[in-house]
Amino acid sequence: MQRAAASLLTFRRLGAVSGYLGGMLKREELLKLFEAAGAIRHGHFELSSGLHSGTYVQCALVLQYPRFAEKLGQALAALFSDVKIEVVVSPAIGGLIIGQEVARALPELKNSPGGGTPALFVERDGSGMMTLRRGFSLAPDQHVLVVEDVWTTGGSTQETIRVVEEAGARVVAAGALIDRSGGKIDFEVEAQSLIQLPIASYEEEDCPLCRGGSVATKPGSRYVRTVS
């Protein structure tokens, strides 16, 4: 009963924000969309960067709704309307959906096969290194937009940029739905995010939540980090 009631409340909230999805989304509207989908969570989390935080943004919860994903992709793509982009590359898994939607929203270049702007992704191999697989390839000097869901330290985006450059292509810009770094990341290319959402994060040894006896969890998994 409680789970059903919570689901009903979520869909009512989602219905409340769907009315303004027809135009360009403002920051406040974007935040309402994330909050309505339950994508902004509070607790004690260990992020993929290894840092700890009391707040976690799970973009997958808002991107699970195709119309929301489409609108977010359109809004992010609009930030790069003056940039020549021939392909979008995202790090798996977080960047997959938004990378696809950004590519869908981009104008198709001349002399393309008619399928739209390609959306590729990099993923970790058996050694843990990011790499292009599944037959994906990039042409020399091809103009690439790297797209991610959330920036905390920017590590995944930096790794993706490295893979693209090693393939001989050219990263012209990087984009993300949310930048929670407080603007501290320097990608050495044009970088834009839909939302600047500074959220405190800590090294494990400096984490006040750990000192308070709380246990950090990795969102989206059953892994629980023990407190030493």
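**Entry 1: the open sheet**

I take two strands to pair if DSSP finds at least two bridges between them. With that in hand, and keeping in mind that this is a predicted model, I looked up the order of the strands and found an open sheet of six strands, β5-β4-β3-β6-β7-β8, with mixed pairing. I then asked which strands form the edges, and these are β5 (130–132) and β8 (190–196), each of which pairs on one side only. From one strand to the next, the twist averages 25°.

Within this sheet I followed one pair in detail: strand β6 (residues 143–151) and strand β7 (residues 170–179) run parallel and are joined by eight bridges. As a landmark for the eye, I noted that W151 stands opposite D179 in β7.

**Entry 2: helices lying across the sheet**

I looked next for helices that lie across these strands. Helix α6 (residues 155–166) lies across β3 (87–91), β4 (119–124), β5, β6 and β7, and its direction makes an angle of about 165° with β6. Helix α2 (residues 27–36), for its part, lies across β7 and β8, running at about 65° to β8.

**Entry 3: the hairpin of β1 and β2**

I turned to strand β1 (residues 40–46) and strand β2 (residues 52–57), which run antiparallel and are joined by five bridges. I40 is the residue I used to find my place in this pair, as it stands opposite V57 in β2. Between the strands of this hairpin there are five residues, and G50 takes a positive phi near 95°.

**Entry 4: helix α4 and its partner**

I checked the length of α4 before looking at its surroundings. At 1.5 Å a residue, its 13 residues should span 18 Å, and because its end C-alpha atoms are 18 Å apart, the two values agree.

Which residues of α4 are buried? I found F68, A69, L72, G73, A75, L76 and A77 to be so in this helix. I kept in mind that an α-helix has 3.6 residues a turn, so residues three or four places apart point the same way.

The packing came next. Helix α4 (residues 66–78) and helix α5 (residues 96–105) pack at an angle of about 65°, their axes being 8 Å apart, and their crossing is right-handed. On the side of α4 the residues in contact are A69, E70, L72, G73, Q74, L76 and A77, and they meet I97, I98, E101, V102 and A105 in α5. Sorted by class, this contact has eight nonpolar, two polar and two charged residues.

**Entry 5: backbone details in the loops**

I closed with the loops, beginning with the one between β3 and α5, where I93 has its place. A cis peptide bond joins A92 and I93, with omega at about 5°.

In the loop between β5 and β6 I looked up R134, which has a positive phi of about 60° although it is not a glycine. Is R134 buried or exposed? Its relative accessibility is 62%, and since the cut-off for exposed is over 50%, R134 counts as exposed.

E188, found in the loop between β7 and β8, is likewise not a glycine, and I noted for it a positive phi of about 65°. With 74% relative accessibility, E188 therefore counts as exposed.

How values were computed:
Residues are numbered from 1 along each chain as its sequence is written. This is a predicted model: local features need pLDDT of at least 70, side-chain atom pairs count only at pLDDT 80 or more; totals for chains, interfaces and linings use all residues. Side-chain values use heavy atoms; hydrogens and water are left out. Axes are lines fitted to C-alpha atoms, for helices over the stretch in contact, and angles run from 0 to 180 degrees between N-to-C directions. Helices (H or I, at least four residues) and strands (E, at least two) are DSSP runs, numbered from the N terminus. A crossing is left-handed if the near helix is turned anticlockwise from the far one by less than a right angle, and right-handed if clockwise. Contact means heavy atoms within 4.5 Å. Ala, Val, Leu, Ile, Met, Phe, Trp, Tyr, Cys and Pro count as nonpolar, Asp, Glu, Lys and Arg as charged, and the others, Gly among them, as polar. The expected span of a helix is 1.5 Å times one less than its number of residues. Buried means under 20% relative accessible area, exposed over 50%, partly exposed in between (1.4 Å probe, protein chains only).
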